[in-house]
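Student: I'm new to this one. Can you walk me through it?
Tutor: Sure, let's take a look.

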Amino acid sequence: MDISHILNELGEDRQQYFNAVSPPIIQTSNFAFNSFADLRAAFADEMSTYVYSRGVNPTSDMLRKKLAALDEAEDALVFNSGASAIFCAVLANVKSGDHIISIEKPYTWAYRMFDNILTRFGVSTTYIDGTRIENFEAALRPETRIIYLESPNTLTYELQDLAAVAALAKRHNILTIIDNSYCTPLHQKPHAFGIDLSLQSATKYIGGHSDTVAGVLTGSKELIHKIFMEQMLNTGSQLPPFDAWLLLRGLRTLPMRLERITKTTQEVLTYLKQHPRIERVLFPFDEDFPQLELAKKQMSGACGLFTVVLKADSHAQIERFTLALQHFLMAVSWGGHESLILPQAAGMAPEDFDPTIERHRMARIYIGLEDADYLIKDLEQALSEL
Ligand SMILES: *Cc1c(COP(=O)(O)O)cnc(C)c1O
């Protein structure tokens, strides 16, 4: 399907709302019925009828249609956070005694769910280095129910071979779930490789303006229906209509934002790579990236997120550099208009800093919508503080 059609037309029906070009925010909790038969039919399937906005809502439905089409999936759900998309996708598909294989160091709230919540209900998780398919095979157990992926991750960008993992999982009747936040559906289409469920934090690129927290999950009609009925209605994690509307607006400019950010990121990386205070950069499309070939095979692009290893001897030096930046905000998250920096050292006490540990000298950088020159000048003056 044409991306222009998806982003500008699909799921929209202007004649239903006064030919308004911008779709309405149907800000209602409740929907009324005209007959007993209609009400009965709605109760029989809350996913295909508007009953109550904890279930489906016309504004969020427009968004669901577009996001399913972007991912080349049969259906989609939109959540009030990426974390709730992860929670519902996993919870709906495990029971006591089941086992999960996850890539090591998944997104924080994924591993906290695996380690702090699921263990209380008899579901165990094995973490593996997902860069080698043999590690998935070695971790398999008869009770393995889910393989959980994140490719690439958002600090060191390790990838998993999606086609190989999906094939292995299918042979063993295991469900595959991927966190596709880094690439967005524009740069990686996990279902095309056979992955069952694909999710992303829509807070990042889909929203794109740092004003909404949201999540997306796509997959087959059957899997999505089960998650809607078993988890989403119970947890009340549906995206509210106004937030859905903000994402509809964000989606209109997604391709051009990604295009610009891709270009700016390349320019900034070229600058940083030759800088004497930068030891190395980590980025899936960098020519020195160990999995570059795989990145080219399964991703059509990266995003504005990369990591630099600073040549620094002390915690104070990294703090000085970070705070000298005028146009990179020190903050979590990414995917918005504003450039960001998140040094690993910021999360640790100064006395725990050890310059011989490379990870301690890593800083994650996100490139927003500003001009490349503007950002490079800023990096230049701040690096001179190192
Ligand atoms: C931000 C993020 C999430 C969580 O999404 P929220 O919208 O913040 O709940 C999950 N995975 C990755 C990779 C993220 O960057």
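Tutor: A term to start with: Ala, Val, Leu, Ile, Met, Phe, Trp, Tyr, Cys and Pro count as nonpolar, Asp, Glu, Lys and Arg as charged, and the others, Gly among them, as polar. This is a predicted model, where local features need pLDDT of at least 70, side-chain atom pairs count only at pLDDT 80 or more, and totals for chains, interfaces and linings use all residues. Residues are numbered from 1 along each chain as its sequence is written, and side-chain values use heavy atoms, with hydrogens and water left out.

Student: How many nonpolar, polar and charged residues are in the shell around the ligand?
Tutor: The shell has 5 nonpolar, 6 polar and 3 charged residues.

Student: Which residues are closest to the ligand?
Tutor: A83, D179, S201, T203 and K204, out of 14 that surround the ligand. To count, a residue needs a heavy atom within 4 Å of the ligand.

Student: What does the side chain of K204 lie 2.6 Å from?
Tutor: An N or O atom in the K204 side chain is 2.6 Å from an oxygen atom of the ligand. That is a polar contact (a pair of N or O atoms within 3.5 Å). D179 has a polar side-chain atom 2.6 Å from a ligand nitrogen.

Student: New topic. How many disulfides are there?
Tutor: The whole structure has 0 disulfides. The cut-off is a pair of cysteine sulfur atoms within 2.5 Å.

Student: Why no bond for C183?
Tutor: Because the closest cysteine sulfur, in C303, is 7.4 Å from the sulfur of C183, too far for a bond.

Student: And is C183 buried or exposed?
Tutor: Buried, with a relative accessible area of 0%. Buried means under 20% (1.4 Å probe, protein chains only).

Notes. A polar contact is a pair of N or O atoms within 3.5 Å; within protein, one must be able to donate a hydrogen and the other to accept it, and residues adjacent in sequence count only if both atoms are side-chain atoms. Buried means under 20% relative accessible area, exposed over 50%, partly exposed in between (1.4 Å probe, protein chains only).
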